[in-house]
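This report describes selected features of one protein structure for a reader at the bench. Please look over the sequence and the structure before reading on.

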Amino acid sequence: MSIWEVGNLVISPDAEVSGALCRQALKQSQDYLKQQFDQGVPVDELVYQRATFVDEILQQMWQQHIDDTTPVTLVAVGGYGRGELHPYSDIDLLILLDESVSESPPPSLSDFLTQLWDIGLEIGHSVRTIQECRQQAEADITIATNLLEARFLCGVESLFESLQQLTVTNKTWDTKRFFELKREEQQQRHQKYNDTTNHLEPNIKESPGGLRDIQVVNWVAQQHFDVKNLEGLRQKGFLANSEFETLQKAQDFLWTVRFALHHQAGRKQEKLMIDHQRELAKQLGYEDNANRMAVEQFMKDYYRCARSVGQMNSLLLQLFEETIIQADETRQVNIINRRFQAHNGYLETINPGIFAYYPYALLEVFLILEQHPEIKGVRASTIRQIHAHLHLIDDKFRRDLRNRTLFMEIIRQPKGITHEFRRMNELDVLGAYLPEFGRIVGQMQHDLFHAYTVDEHTLFLVRNLRRFSCEEYNSEFPLCSEIFYQLPKPEILYIAGIYHDIAKGRGGDHSVLGVADAKAFCERHSLSQYDTDIVCFLVRQHLAMSATAQKSDLEDPDVIKKFADQVKTTERLNYLYLLTVADIRATNDNLWNGWRDSLLKQLYHSTRQWIEHTEAQAKSTREKSYKKYQEAMHVLMANGRQQQDISQLWQAYDLEYFLRHSIDELVWQTEERLDHAGEDPLIALRAHNDQQTLELFIVTSDRPGIFAAITSSLEQCQLNVLDAKINVTSELDALNTFIVNGETLESGEIIKALRKQLANTDAVKPYCPLITPRTMKLFKTQPNIEFETNPQQNHTVMSLYTHDRPGLVSAVAQVFLACEVQLINAKINTLGDQVEDVFFITTYDDGALSEEQEEELKERLTESLSH
């Protein structure tokens, strides 16, 4: 169908058309293609049809502006040169000039390009002579690649043929060098995405496993083998029929998603952002079920598709390497054992029947690679054999003692665990041997907390655990490295890491459901009952340490006692601490910070002291407060401070102040107060563990509205409140300690904002940003508020679970103010799109809240946070 036949336009191709008619034709063609897409027309037809429609528009405009005798040619390059155009893709053009007009191109060319922009086409263009094309292609491989895909549109065709002769037939790049640079480009591109396609918001085009990976294969094939597409590779024998079908199916799926995404966004959009994913899932026919949302099913299909592309890309590039790079090299073969040999640095089977005769060799591959780090990888022919024999990994295979022993040997190796587990996952061996792991491959969680799919997160966690054992990474996490070297059996930690999230996506508590799978694995692999109990404990309690550290008062001995009773032994504590650190760091790139690090270290050391019954661990709040009092006094006096000055200042402090603050905090805050002679309030800042985290100490006269004023100021400065402690002295001074983080920490601006708000606490309003981040609008939930009374310390603990938004803490502070509730401590825990905040609160007369007061507070908070 011609573009002039779409909608109500019926115009002869020979007729002159106006810009307005062209705009109308383009609009109606987009609508037509969208209708065809919705009716199920194959996307490849629509992509090619879109390119054809644009061809017609360009040819019509060219005829109206450029005389037939003018020695100029219009050439399509890039994706458009391949004859593929998605709804809002760029239209890349080359205007080819004859040397005779190179110095003074006809003015009509400028008019032509201007009108293309005027009618709404997104044009990317260059104007060059044939010789300039050759010179620039020799200097820039991107230009050379574009010219590989050049397609004649209109103008003087002999110019185009000369260009092809000079740049494609007589290649501008040596084939070997072209391959090496394209592979290097791909590696650099993959590194931008952390070498994984399993991001929360992948890029359909550029991420590993995206469309660019297919194009790289096609470019190399075109440069060396003179084939333009996957069909050509099949005919050349590089792709088996099943591989061709897999790759073609993957390309069709990615094209379908990209086509739909462009229409949904109304512009060129390659990043599959989370706010588009739900609508795309619905548009593509996915539906919610009992265990998984439609969007999770859709994204699982996406990740599995990208995985297939990544597998085929790796396979083909390795085949190309053997054909292009190693073609003239002497064949070097080193025998490994009776089943395997190293062929030019790659592991291969000695004959194609090895896996059929010795199925256990399907696992032996990875053990050999761990034991021989000089081997670069698995040869492409052997990868194909692995794929062909995956069906042999069945229940009988899993029960075979040789295979169970081999798998445990892989886990117990001192090196290569990370690489080989990742390779096992990429080749589908891990999911075949552990079917429960296979079920989480590509499984996403539709929130802003988990940045990776469950399988990718798990492999990152294993990598983090492994790094604790590497001497070159000791400086990253010294305590973790020190503890790792004390572990009697590191394999227990790796097994727990593999199984900690194994039950995600099944419904129910994954930490409970995962225990059954972990226990079955341990029994199947003949672990002792003692080791099995530790693995099951770690899987069941893998969230316990982070939850305790981030939600509880770690200065309360009762909290430490309760956690120590749960952990029971120092050995279990060591395993759990390492698993917790690795888990948090593998969840998303922004979750780990110095504040979380310090909380976990504090909980680890306090719990270890409790378990080992050391004298350093106080068993009551009074004893702990007094110990801190003495230790802080000792440090201050060693710093040259007078005992009389310190004692006089501290006379107004209660035991709670010493209980809630560390020795370092007590010393710093006391010195700040002793040295302060300026205006009220005292505001002191210092770095807290890392450059993105600050500790603030603010002293002012106690009055209602201080917490609201401080939180509003901090949030206006784009700071996140992580922790807050508030004590009031007998002299009615409010001692406020805040831990905050943010991208910019300008101390002068922070102090200025705080002084301004604290000067007028009666007029404080919660921070209300003009723009709420797009992602936060997607996950709104009703606030869940729970109360618990601590009778020993005569306060109420309020837990708040709700969706995150800018200004949340200051909004809570305003409700506290209205309900005459005062804060004594807070733990602010943001988990992507959700927050799990804990507030330790009292009435104005320092008592726990009554049931009526709790109910009123809950109602007001729900109303305030539901907007």
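How many salt bridges does the structure hold? The structure, which is a predicted model, holds 46 salt bridges. As general background, side chains of opposite charge can pair when their charged atoms come close. Three of these pairs are set out below, with the separation between nitrogen and oxygen.

| Pair | N to O separation |
|---|---|
| Arg82 and Glu84 | 3.1 Å |
| Arg608 and Glu612 | 3.0 Å |
| Glu665 and Lys725 | 3.7 Å |

The surroundings of these pairs can be described residue by residue. In the first pair, Arg82 is partly exposed, with a relative accessible area of 26%, whereas Glu84 has a relative accessibility of 18% and counts as buried, because the buried class takes in values under 20%. In the second pair, Arg608 is partly exposed at a relative accessible area of 23%, and Glu612, at 38% relative accessibility, is likewise partly exposed.

For the third pair, the side chains of Glu665 and Lys725 meet in a salt bridge with an N to O distance of 3.7 Å. Glu665 belongs to helix H34 (residues 663–675) and Lys725 to strand S11 (residues 720–728), so this salt bridge ties together parts of the structure that are 60 residues apart in sequence. Both Glu665 and Lys725 are buried. Elsewhere, Arg189, Glu206, Arg212 and Asp213 are joined into one network by salt bridges that share partners.

**A sheet with the order S3-S2-S1-S4**

An open sheet of four strands, with mixed pairing, follows the order S3-S2-S1-S4. Its edges are formed by strand S3 (123–129) and strand S4 (151–155), each of which has a single partner strand, so one side of each is left without a neighbour in the sheet. From one strand to the next, the twist averages 25 degrees. Within this sheet, strand S2 (residues 91–97) pairs with S3 in the parallel sense over seven bridges, and Leu97 has Thr129 in S3 as its bridge partner.

Which helices lie across S2 and S3? Helix H4 (residues 107–118) lies across S2 and S3 and also across strand S1 (72–76), and H4 runs at about 175 degrees to S2. Helix H5 (residues 130–139) lies across S2 and S3 as well, running at about 110 degrees to S3.

**A sheet with the order S5-S6-S7-S8**

Another open sheet of four strands has the order S5-S6-S7-S8, and its pairing is mixed. Strand S5 (333–335) and strand S8 (377–378) are the edge strands, each pairing on one side only. Between them in the order, strand S6 (residues 340–343) and strand S7 (residues 346–349) pair in the antiparallel sense over four bridges, with Ala342 standing opposite Leu347 in S7. Helix H16 (residues 380–388) lies across S7 and S8 and runs at about 50 degrees to S7.

**The setting of His542**

Is His542 buried or exposed? With a relative accessibility of 1%, His542 counts as buried, because that value falls under the 20% limit for a buried residue. His542 is placed in the loop between helix H26 (529–540) and helix H27 (544–551). The side chain of His542 is joined to that of His510 by a polar contact of 3.3 Å, and a polar atom of the His542 side chain lies 2.7 Å from the backbone oxygen of Val539. When residues up to four places away in sequence are not counted, His542 touches His500, Asp501, His510, Ser511, Leu576, Leu579, Thr580 and Asp583.

**Cysteines**

A disulfide is, in general terms, a covalent bond between the sulfur atoms of two cysteines. How many disulfides does a search of the whole structure find? The search finds zero disulfides. Cys536 is accordingly in no disulfide, and the nearest cysteine sulfur, which belongs to Cys522, is 5.6 Å away; a disulfide would require the two sulfur atoms to be within 2.5 Å. Cys536 is buried, with a relative accessible area of 11%, and Cys305 is buried with a relative accessible area of 9%.

Terms used
Residues are numbered from 1 along each chain as its sequence is written. This is a predicted model: local features need pLDDT of at least 70, side-chain atom pairs count only at pLDDT 80 or more; totals for chains, interfaces and linings use all residues. Side-chain values use heavy atoms; hydrogens and water are left out. Two strands pair if DSSP finds at least two bridges between them. Helices (H or I, at least four residues) and strands (E, at least two) are DSSP runs, numbered from the N terminus. Contact means heavy atoms within 4.5 Å. Axes are lines fitted to C-alpha atoms, for helices over the stretch in contact, and angles run from 0 to 180 degrees between N-to-C directions. A salt bridge is a side-chain nitrogen of Lys or Arg within 4 Å of a carboxyl oxygen of Asp or Glu. Buried means under 20% relative accessible area, exposed over 50%, partly exposed in between (1.4 Å probe, protein chains only). A polar contact is a pair of N or O atoms within 3.5 Å; within protein, one must be able to donate a hydrogen and the other to accept it, and residues adjacent in sequence count only if both atoms are side-chain atoms.
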